[in-house]
Structures are given as C-alpha cells and as structure tokens.
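The following exercises are to be worked with the sequence and the coordinates at hand. Each task is followed by a stepwise solution.

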Amino acid sequence: MEIQLWRERLLPYELAVHELVEKFNHLAREHRERNLYSPIEQVTGRVKSVTSILEKMQRKGIPFEEMEEQVEDIAGIRIICQFVEDIWRVADIVAHRSDMEIKCEKDYIRNMKESGYRSYHLVIYYTVETLNGPKKIQAELQIRTMAMNFWATIEHSLQYKYKTNIPPHVRERLSKAAEAIIALDNEMSSVRGEIMNAQNSSLLQRNLVMDILGNIENLYRKSSKREVEKIQDEFYRIYASNDLMKLKRFHQQLDVIAEGYRAQAVTCDPEM
C-alpha cells in the first residue's frame, strides 16, 4: 500500500466514529429527556493511528490485504457506564439496533484478563455512506464502568512506558488495584437503586425548572409584568423549599395558566 492512500483508507472510519459517538450520545439524551435513567454516562471515540495499526499487523502477522477484516478496532468507541448492570443494558440496546450488526463479543468482565483488565467488547459491522457508495466497516465498542476505565487508562499508560514489559512489583500493585476496582463496582451495585432514585429526582427537577422558566418567559410576552413577577416570586419560593411535589404542582398550575393564554390568543386572532 502506498503511503498517500492511508488517509483515504481511514476516512470512512473517521465518519463511522463521528456517527457512532453522536448516536450513543443521542441515546443518553433521549433517556434523560424522558426522565429515564441513562445507562450511558459518557461516550468517546477514536480512529487507530497508522503507527498502532502497523504495530498490530506486525505483531499478529496480518497482511495488508486483510487489514480491514483482521484489525477489528480501527474504529473504536468507548462507552462509560456507572454500574456493571448498565453494561449489559447497553449491550442489549446494541443487539436490538437495526443499524449495527454484532460480529462477536469479548467478555473480559466475567473472564477477566490475567493483568486485571476488565471490560466488555463488542465488534460490530456498521455501514457508512461515502462518495463511492455505502461501505460496511468494523468498529469495536468497549463498554465499561468508570472504575474499570480508570484502571485500564493507568494500565495502558504503563504498557506504553514499559513496552509490555511491566516490572513484577508494578504488576503486583496493578493486580491489587484491580481487586479494589472489583470491590468498588460491587459496592456501587449494592446501592444502585438509591443512587438511581437520587439521580432521577435531580433530573426530573432540572426538567421541571426548565419548563417552568420557559412558561414564565412566554407569559411575560402575553401577560402583565406584575402578574408575571408574582408567578416568578412564587416559583423562587417553591424552588427554595426543595420540595419536588410542590414543584410538580406548580408546574401543572402554570401549564393551565399558559394554556389559557394560548387559547385566548387563538380566539382573538382575526385570521383564524
């Protein structure tokens, strides 16, 4: 392969990474907009560097003509979750999508690597539209908790520094850290319900506040300034009480008021 063709060869993978990151971020936003707990906390992506691709091909004896089939992680997506249980939920979401086809799975959670590495990998087929038409490529999804990702990031840095020859005393400390990560994930899972309830309440409050402020802003254009000020003062009073039920009732009452003004505007419109 000529050097100048690398950029062209990798362009579809850059497109795939961009689209996949956006799709998984959209899934997270959609959950939150519906006041649902999102199993996706954070999404990042990257296209493997030419150097890394060449190193992997050399290490595994992969010929250039088989690169796109044998190097499964040219396009890489990392999905970070809060809890181990969320990992299986994300994997299930991927399995039921029509735009992603699972090629294989690599479960390093139930089958932890000797180094202590834990993560759940899915290799998928994903089709992008290019100037030459549709192109079906592979992408690797790494799904892991925040704790797993912290450990993996440190381990990756050490691998880079020591070129896979990590000193025994460092390996031992990494192994102990991996055990601590497992304990942390288990502890977080044990209080998952309480954490999710707290986060859902916070999300619901945020959405209510945004809706209320939007209604107040619209009323300002249609009602008297004095009336809107009274409504705004009442909102601040209820918000300061930190009572979610009162905030819900105020939201419902404000919706009724806003709907009344909308109906009045329709009745008074001479073009209707």
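**Exercise 1.** Determine whether the span of helix α4 (residues 84-95) in this predicted model agrees with its number of residues.

*Solution.* Step 1: helix α4 has twelve residues, and the expected span is 1.5 Å times one less than that number. Step 2: this gives 16 Å. Step 3: the end C-alpha atoms of α4 are 17 Å apart, which agrees with the expected value.

**Exercise 2.** Establish how the buried residues of α4 are arranged about its axis.

*Solution.* Step 1: with buried meaning under 20% relative accessible area, the buried residues in α4 are Val84, Asp86, Ile87, Val90, Ala91, Ile93 and Val94. Step 2: viewed down the axis of α4, these residues fall within an arc of 160 degrees, and therefore they line one face of the helix. Step 3: the general background is that an α-helix has 3.6 residues a turn, so residues three or four places apart point the same way.

**Exercise 3.** Identify the members of the largest nonpolar core that touch the most other members, and the elements that contribute to this core.

*Solution.* Step 1: the core comprises 40 residues, of which Phe24, Ile77 and Ile124 touch the most other members. Step 2: two or more residues each come from α1 (6-33), α2 (50-60), β2 (75-81), α4, β4 (120-130) and β5 (133-145). Step 3: α1 gives the most, with ten residues. Step 4: leaving aside residues up to four places away in sequence, Phe24 touches Ile40, Val43, Ile77, Ile79, Val94, Met100 and Leu141. Step 5: another core, of 13 residues, lies apart from the largest one; Leu208, Val228, Phe235 and Leu247 are among its members.

**Exercise 4.** Describe the pairing and the burial of strand β5.

*Solution.* Step 1: β5 pairs with β2 in the parallel sense over seven bridges; Ile80 has Arg144 of β5 as its bridge partner. Step 2: β4 and β5 run antiparallel and are joined by eleven bridges, with Ile137 of β5 as the bridge partner of Tyr126. Step 3: the hairpin from β4 to β5 passes through two residues. Step 4: ten of the 13 residues of β5 are buried, so this strand is largely enclosed by the rest of the structure.

**Exercise 5.** Explain why Cys81 forms no disulfide, and classify its exposure and that of Cys104.

*Solution.* Step 1: the closest cysteine sulfur to that of Cys81 is in Cys104, at 19 Å, too far for a bond. Step 2: the structure holds zero disulfides. Step 3: Cys81 is buried, because its relative accessible area is 0%, whereas Cys104, at 23%, counts as partly exposed.

How values were computed. Residues are numbered from 1 along each chain as its sequence is written. This is a predicted model: local features need pLDDT of at least 70, side-chain atom pairs count only at pLDDT 80 or more; totals for chains, interfaces and linings use all residues. Side-chain values use heavy atoms; hydrogens and water are left out. Helices (H or I, at least four residues) and strands (E, at least two) are DSSP runs, numbered from the N terminus. Buried means under 20% relative accessible area, exposed over 50%, partly exposed in between (1.4 Å probe, protein chains only). The arc is that of the directions from the helix axis to the C-beta atoms. A nonpolar core is a set of buried Ala, Val, Leu, Ile, Met, Phe, Trp, Tyr and Cys residues joined through side-chain atoms within 4.5 Å. Contact means heavy atoms within 4.5 Å. Two strands pair if DSSP finds at least two bridges between them. A disulfide is a pair of cysteine sulfur atoms within 2.5 Å.
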